[in-house]
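Open the model in your viewer and keep the sequence panel beside it. The tour below goes from selection to selection and says what to look for at each stop.

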Amino acid sequence: MKTLIIAEKPSVGKEIARVLGANQKNKNYIEGKEVIITWALGHLVGLKMPEDYKSEWATWNMETLPLIPEKMQIKPLKNTEHQLKAIKRLAQRKDVGQAVIATDAGREGELVARWILEYSKFNKPVKRLWISSQTDQAIRTGFKQLQPSQKYDDLYDAAIARSEADWLIGLNVTRALTVKYQDSLSAGRVQTPTLAMVRKQEAAIEAFVPETYFTLEIIVDEQAASLVEGAPQKFHERIEAEKLADRLSSKPILVKEVKEKIRSSAAPLPYDLTELQREANQRYQYSAKKTLNIMQTLYERHKVVSYPRTDSKHLTTDMQNTMKDRLQAIQSFASSEVKEVVKKGSKVTQKGVFDNSKVTDHHGIIPTEERPRPEKMDQDELRVYRMIVERFLGLFLPAYKVAQTTYWLAVEDVTFKLQQEVVLENGWRQVEPTKSKKQYKQGEQLKQATVKVKKQLTKAPNRLTESALLQKMEKYGLGTPATRAEIIEKLISSELMERKTTKLSVSPKGKQLLTLVNPALVTPELTSKWENSLEKIALGQLKKEAFLKEIKKEANRLVKEIKMSEQTYKDHSITTKICPDCGELLKERNGREGKLLVCSSTSCSYRRFKEPKISNRRCAQCHRKMEIHEGKKGKYFKCKYCNLSEKMGDNKNKKITKHETKRLLKRVNQEAQEEVESPLALALKAAMEKQGN
């Protein structure tokens, strides 16, 4: 009997097939002597939509809300139905005796495979492959240690609960808001409190009033000591600060107190996905989504990093024996750094990294035993891989040590503070040790004070970056490492949030949305509570039925409030332009290829680009790219510089390309071989040869 193995993506399926020695390639699967490897394309099955349950639910109106099916069901996703049918046929083969789930080892990966098996009515034994890297060694070891799928039933329940909760809250609230206010308004149990965090920061910026103030500092051996006691730290008027400066100038300085301490900091732990996304955003302005995509490529195609969608920074104790192999693998990529580590014995100095109790489904992100091929990576992949390698190497390096000395200096009755730091050992930070600075003793009297008045201006809070937002989402348990990037992208695509360079802001539409929904859905506490419940389901500490019962009650309450609300809404996307088809006003919308103008009437399908689309067609006069316009007779090209217009499909002025010349010449030659060349054929051939030259 054969084993049916279900991977999450074709690329992963092909790698598993190669490692297991399966080589009979088919369109939807690869077969071997004992195995059949097939793959999903992400989710192949999803929850049914409202109209699949009841025909009256297809119409968006308040009377049918809230939509709460008695039992939620699944259905094939239209775009990938061909692959689902292929897997179902494989699952029903008589020579298949068991299945192995080899999708991503996490909540969503479990859902992908289980729904496929459920749809296929698979009733034979099922096992689970659970690995944290895609190297050949990891795959072979994983297949030797397959677990019964029942071990992951609680994880599957958590995945179902998450999916159904998002459907019940998101779909009902979104539909209620859209119907009530006649605009596309998307809300959800995670995305709405995430949007509210960005808005809260904006509100703080808007309420901020800059304030000018003055303070003092004294200069001691070219070092500045700041004011701490004996006078206000902030003066509102310069004259007040100058009076004190005049009084203290040229007075002796007494060293009141000295405190010394050695500060030692061990290397940071490996990245989890959220911290990696945050740091990549700070360093390279990568969006969370982009960093996740890069990581998936490094994990699946290059096989040089461990599983990316992890929320742990620790490693398991059994990984200690693999550390030297991983170190050798990166030797060619970071030769000088690895040599330094080998010199010191290749021992992990950050012992706290090994802790089984702090590893959840997957350990922290580290390099695999696979040797990297930098020449096959693009710049973005190299940058992120370098970040992971640097973190990994830090585990072998000594602690960073610095001597910190704090002096309290008294000038008459006013105290100033002076801090000195001297790097004793650069350790994992690899910074140059600093030179020793002049030291002072307690009770020592220094030369007369030089006092400076400094003008300062209070600064407004900064807008949130994706890095800062990810940190807040992690703090309040909004989403998971695997879903946070998608949440941010969804808020942007639904025009509730805007991204300008690295900063995030809430659109006028988003600001209004936050006033239209219940405050409980705006604050992160409720969603955080739900995420904790999902974790309990995954650990077997809570039944999914109890959680979903609470979610259904919440959906009822939220919809009822929207129905009864007397809030008003203004659609800021409405323009003054008139729809040529029905006479209603046009709305501005974001499209994949630029801004669109769409009709505000739900019964009208008119739409066009706000700005004309640029084509690759060149103007015959100025040779610049022409715009695509649409008129009564259809689309046409127009040059905005020369005002020259051309019909689409009008090739009379089009210059023949070299490729077309060769193709036509070949055809003429073939015809000439079949029959005696006529004078016309000879003339045409000569003319084309001349043009080709």
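How many residues apart are Glu 242 and Arg 238 in helix H8, and what does that spacing amount to along the helix? Keep in mind that this is a predicted model. Select residues 238-248, which make up helix H8, and show the two side chains: they are four residues apart, so about one helical turn separates them. Glu 242 and Arg 238 form a salt bridge, with 3.6 Å between the closest N and O atoms. Glu 242 is partly exposed because its relative accessible area is 33%. Arg 238, at 36%, is also partly exposed. Next, select Glu 275, Glu 279, Arg 283, Lys 313, Glu 390 and Arg 391 together; salt bridges with shared partners join these residues into one network.

These are examples from a longer list, as a search of the whole structure finds 45 salt bridges. Side chains of opposite charge can pair when their charged atoms come close.

Now select Arg 128 and Glu 110. The closest N and O atoms of this salt bridge are 2.7 Å apart. Arg 128 belongs to strand E8 (residues 126-128) and Glu 110 to helix H4 (residues 107-119), so the bridge ties together parts that are 18 residues apart in sequence. Are these two side chains buried or exposed? Arg 128 counts as buried, because its relative accessibility is 0%. Glu 110 is likewise buried, with a relative accessibility of 0%.

Move on to Lys 454 and Glu 217, whose side chains meet in a salt bridge at 3.9 Å, N to O. Lys 454 sits in strand E16 (residues 450-457) and Glu 217 in strand E10 (residues 212-220), so this pair ties together parts that are 237 residues apart in sequence. Colour the pair by accessibility: Lys 454 is partly exposed, with a relative accessible area of 34%, whereas Glu 217 counts as buried at 16%.

For a stop without a salt bridge pair, select Ala 102 in strand E7 (residues 96-102). Ala 102 has a relative accessible area of 8% and is therefore buried. Add Glu 531 to the selection and draw a distance between the C-alpha atoms: Ala 102 and Glu 531 are 25 Å apart in space and 429 residues apart in sequence.

Switch to a surface view and select Ile 574, Ile 578 and Leu 585. These three residues make a nonpolar surface patch of about 230 Å². Ile 574 is part of strand E19 (residues 574-578). With 32% relative accessibility, Ile 574 counts as partly exposed.

The last stop is the second largest pocket, which holds about 520 Å³ of space. Its lining has 15 residues, and those closest to the pocket centre are Arg 608, Phe 609, Ile 628, His 629 and Glu 630. Select strand E22 (607-609) and strand E24 (625-631), the elements that each give two or more residues to the lining of this pocket. Which strand gives the most to the lining? Strand E24 does, with four residues. Colour the lining by residue type to see how the residues divide: seven charged, six nonpolar and two polar.

Note on methods:
Residues numbered from 1 in each chain as written. Predicted model: local features only at pLDDT ≥ 70, side-chain atom pairs only at ≥ 80, totals over all residues. Heavy atoms only, no water. 1 Å grid on protein atoms, 1.4 Å probe; cavity = no way out; pocket = protein on both sides within 12 Å on 5 of 7 lines; lining within 4 Å. Points joined across faces, edges and corners; volume = space filled by probe spheres on them. Nonpolar A, V, L, I, M, F, W, Y, C, P; charged D, E, K, R; others polar. Patch = residues over 30% accessible without salt bridge, like charges linked within 9 Å, V, L, I, M, F, W, Y side chains within 5 Å. Areas by Shrake-Rupley, 256 points an atom, 1.4 Å probe, with all protein chains shown as cover. Salt bridge = Lys/Arg side-chain N within 4 Å of Asp/Glu carboxyl O. Buried < 20%, exposed > 50% of the residue type's maximum accessible area, 1.4 Å probe, protein only.
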